[in-house]
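Me: Could you take a close look at the backbone of this model for me, starting with a spot where the chain does something unusual? I'd like to follow it from there into its surroundings.

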Amino acid sequence: MPDTVAETRTTCPYCGVGCGLKVARDETAGSVTVQGDADHPANFGRACSKGSALGETLGLDGRLLYPTVDGVRVDWDTALDRVASVFSDTIAQYGPDSVAFYVSGQLLTEDYYVANKLMKGFIGSGNIDTNSRLCMASAVAGHKRAFGTDTVPGIYEDLELADLVVLVGSNLAWCHPVLFQRLAAAKAERPELTVVVVDPRRTMTARSADLHLALNPGSDVALFNGLLLHLQDTGRIDAEFVTDHTNGLEAALAAARKLSLADVAEITGLSQPELRRFYDLFARTERVVTGFSQGVNQSSAGSDKVNAILNCHLLTGRIGKEGTGPFSITGQPNAMGGREVGGLANQLACHMELGDAEHRRIVQTFWNSPRIADKPGLKAVDLFRAVKSGQVKAIWIAGTNPADSLPEADEVQAALRACPFVVVSDVMQSTDTARHAHVLLPAAAWGEKDGTVTNSERRISRQRGFMPWPGEVRADWWIFAEVAKRMGWVGDFSYDAPVDAFREYAELSGVENHGARDFDISAFAAITDEAYEALEPVQWPCPAGAAPRGTRRFFADGQFYTPDRRARFIATAFRAPVEQVSDDLPFILNTGRVRDQWHTMTRTALSPRLMGHIAEPFIELHPDDAAGCGIAPAALVEVKNARGSIVVRALVTSDQKRGNVFVPLHWTDQIASNARVDVLVNPATDPVSGQPELKYSAVAVQPFAAA
Ligand code: SF4
C-alpha cells in the first residue's frame, strides 16, 4: 500500500447487519475505496452494493457546513446560545413536556446517550423519540412482553446452522443483503436447509425460497396462531420447557382456537394444503429460525404479530440453542444501540424503563440529576401531532427527515411550519425537514465521526472517522452536551470525547443488580482511550469481572428476565388492519425499500452507481389491476387518497397480488417531484409499540392526466 494511503476499519452506516468495512483513503488522489472487512464477524469480508459505494457519497455537495439562525450564518456560540435560551424559556413558561427531541438510528450510541440524558434526566421529560420507532418498536414490545427485556436471543450464525429458516415480512435479499448472502452460501453448502418466505409480494427473497407464502397483508397473527394450534394438537411441543420455563400457554391457545384452519385460510388467502405444508415443515424440523422484519413490525398489530411468532418458538423450546430462535432483523445501523441507552420515549438508559420507579431511582441517582421524567414521553406519530396542536412548542430533530418519512407526511410538514421553534442538526442542508428549521446545526457525517453502533445480533462495533472535518461540523454528542451546559448543567455534560460517554453508560449498565438486567457492558466501565480506539466487535452482555468476550445466545438455560424468570406466552387474537379498502379506495398500499437506496436518499442519491439501479419512483401493480384501471406499463400513475396524491411510473408485474400495490419509500421532492409516498400512509399505530402501519393504507390508482 502506498505511503499516501491510510486504511481505517469502521462499520457501515446503512442497514442493521452492521458490516465491518475497510476504508482506504488516498490523500494524494483524494479517493476513497471501501471493501468488506474480512475480520468482522457480521460479514467476513462481504459488502453489498450500498456499502461498497460509500466512497462515492463523501463529497460536500449539499452538506450543511455552518450553523445558521433564521437562515443567517452565525458562529457556534450564537447558535448554541439561541437553542439553549429558547428551550430554557419554553420549559420555564410551559413545563418540560412542551419541548421534544426526535432523533435517529443513524446516530451513534454515544450521541443517543447524551441526548437521552439531557431530555430525561435534566429537562425532565420523556419527549425524546426516534425514527427507530418506525423500524423495530414492535419487536422491542414483543420481546419485553415475552422475555421481560428487549433481548434478541440468537446470532446471525443461527440462520446458517438452521435446517429451516422462515423469513416473515423481510426482503432480506434487498434490505439486508449481506445476511442474505450468508444464508444463500449456507444453503449452497447444505441444500437441505429449507427457506420459507412469508410475504404478500414475490420479492427477490421470495423468488429464491423453497416455499413462498403470499399471504394477505396484515394476516400474520392468524397464520402463526394456526401454527401454534397445529404444534399443540400434533404434540410437536417441548412439554418440559413449557412446564419449567413459561407461563400463559392456555390463554394463548384459547385465543388461537377462535379460528379454525378454514378461517386461517380465509384470512390469510392461503390454501389449506399450503398452510399444512408450512405447519408440517415447522413442526418436524428441530432447528428453526424465524427471522422477521418490517412486514411484521410496521403494523397496527405489530406487537401481536411478533408475539404470535415468539409463542411458536416458546412452545417448541426452540430458543437459545444453536440454529434456533426468533430473530428480529433491525432496519437501521444503530436501532439496537439506541435502544441500549434509552432511545425510545418509554425507555431509560441501559434497558431500564421510565415506567418503573426503581429504575428511575437508579438512573437519577447515577446521573445525580435534578429530576427525572416521571412518565413515558410521546411516541413519534403522537409527538408530531402534539407539535401540530401546539402542545409541543420547541422541537430538535437530529439526523432524520420526518417531513418525508413519517406517515401523513404533509401533516408533519404542517406541524413544523406551525411550530414556534424548530432546531435541525444534520449533515445535509436542504432536506424537507431542514427547510423548516429556525436553527440549523451542522453535524459530522459517516467517515468523520467516531463512536459505536450495535447491529441486529447485539454486536457493538466502532465507527471510526477517516476524513477531515469540513467547514464547522461537530459531533452530535458534542452539540447536545454544549446545549446542556448552556442550560445550566455544566459539570454533568463535560465530555471531551465519545469514549467518555461510552465509559459512563457502561458503568451505569452494571450499577445495582436488580435481577432483570440483560444489557450489561460494565466490563468497559474503565476502558482506556487506547482500548476504545482499538475496540474489536463484541456482543453484549459483557459484565464486569469477566473477559469482555460477550454472550452469543440468551435463554438456553430457560432463565428469562421476567420477575419469575419464566417466559410469557401472549394471547394474540387476530385483528384486521385499521384502514379497509372500499369502492373509492380499492387498493392496499404497501411501502418499503429498494436494493440500492437508503431512507430519503440524502446519501445514496450522491452515488451514480446506486442511482443506476432504479432511476425513478414507481408503483408495482398486478397486470389485471393495471388493465382494469387502464394503466399501461411504464405509464405515469396517480396514487391518491384523502391524505394526498403522488405520481409515479407503473411497473406492471405479477409479483404483486391482485388488489395490492407497492411504492418505495425513498423518493422526496428533492429528487423527484410529487413522489413522497408517506403523504398517503395511514398514521394508525400499534397500541403497545406505537409503531405506525406503514404497510397498509387504502388508495385509488388511475392514469395520470397532466393538468
Ligand atoms: Fe452495509 Fe447492510 Fe450492505 Fe452490510 S448489508 S454493507 S451493513 S448496507
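Reply: Happy to! Glu-408 is a good place to start: in this predicted model, Glu-408 has 24 other C-beta atoms within 10 Å. A residue counts as buried at 20 or more such neighbours, so Glu-408 is buried. What makes Glu-408 catch the eye is its backbone, with a positive phi of about 55° even though the residue is not a glycine. You will find Glu-408 in the loop that runs between helix 19 (402-405) and helix 20 (409-418). In the domain assignment, domain 2 is made of two segments, 68-112 + 378-538.

A positive phi also turns up at His-599, which is not a glycine either, and there the value is near 45°. The loop holding His-599 connects strand 23 (587-592) with helix 24 (608-611). His-599 counts as buried because 22 C-beta neighbours lie inside 10 Å.

If you are checking backbone torsions, please add one peptide bond to your list. The bond between Trp-540 and Pro-541 is cis, with omega about 5°. Pro-541 sits in the loop between strand 21 (538-539) and strand 22 (567-568).

From these loops, let's move to a sheet. Five parallel strands make up an open sheet, ordered 10-9-8-12-13. Its edges are strand 10 (211-213) and strand 13 (325-328). Each of these two has a single partner strand, so one side of each has no neighbour in the sheet. From one strand to the next, the twist averages 15°.

At the strand 10 edge, the pairing is with strand 9 (residues 194-198), through three bridges in a parallel arrangement. In strand 9, Val-198 has Leu-213 of strand 10 as its bridge partner. Helix 13 (residues 272-284) lies across strand 8 (164-168), strand 9, strand 10 and strand 12 (288-292). Relative to strand 10, helix 13 runs at about 120°.

To finish, here is the wider setting. The chain is divided into domain 1 (5-57), domain 2, domain 3 (137-329) and domain 4 (587-703). Between domain 1 and domain 3, the C-alpha centres are 32 Å apart. Where these two domains touch, nine residues come from domain 1 and eight residues from domain 3. The domain 1 side of that contact has six nonpolar, two polar and one charged residues.

Note on methods
Residues are numbered from 1 along each chain as its sequence is written. This is a predicted model: local features need pLDDT of at least 70, side-chain atom pairs count only at pLDDT 80 or more; totals for chains, interfaces and linings use all residues. Helices (H or I, at least four residues) and strands (E, at least two) are DSSP runs, numbered from the N terminus. A residue is buried if 20 or more other C-beta atoms lie within 10 Å of its own, exposed if 12 or fewer, and partly exposed in between; C-beta atoms are placed from the backbone. Two strands pair if DSSP finds at least two bridges between them. Axes are lines fitted to C-alpha atoms, for helices over the stretch in contact, and angles run from 0 to 180 degrees between N-to-C directions. Two residues are in contact if their C-beta atoms, placed from the backbone, lie within 7 Å. Domain bounds come from an automatic or database domain assignment. Ala, Val, Leu, Ile, Met, Phe, Trp, Tyr, Cys and Pro count as nonpolar, Asp, Glu, Lys and Arg as charged, and the others, Gly among them, as polar.
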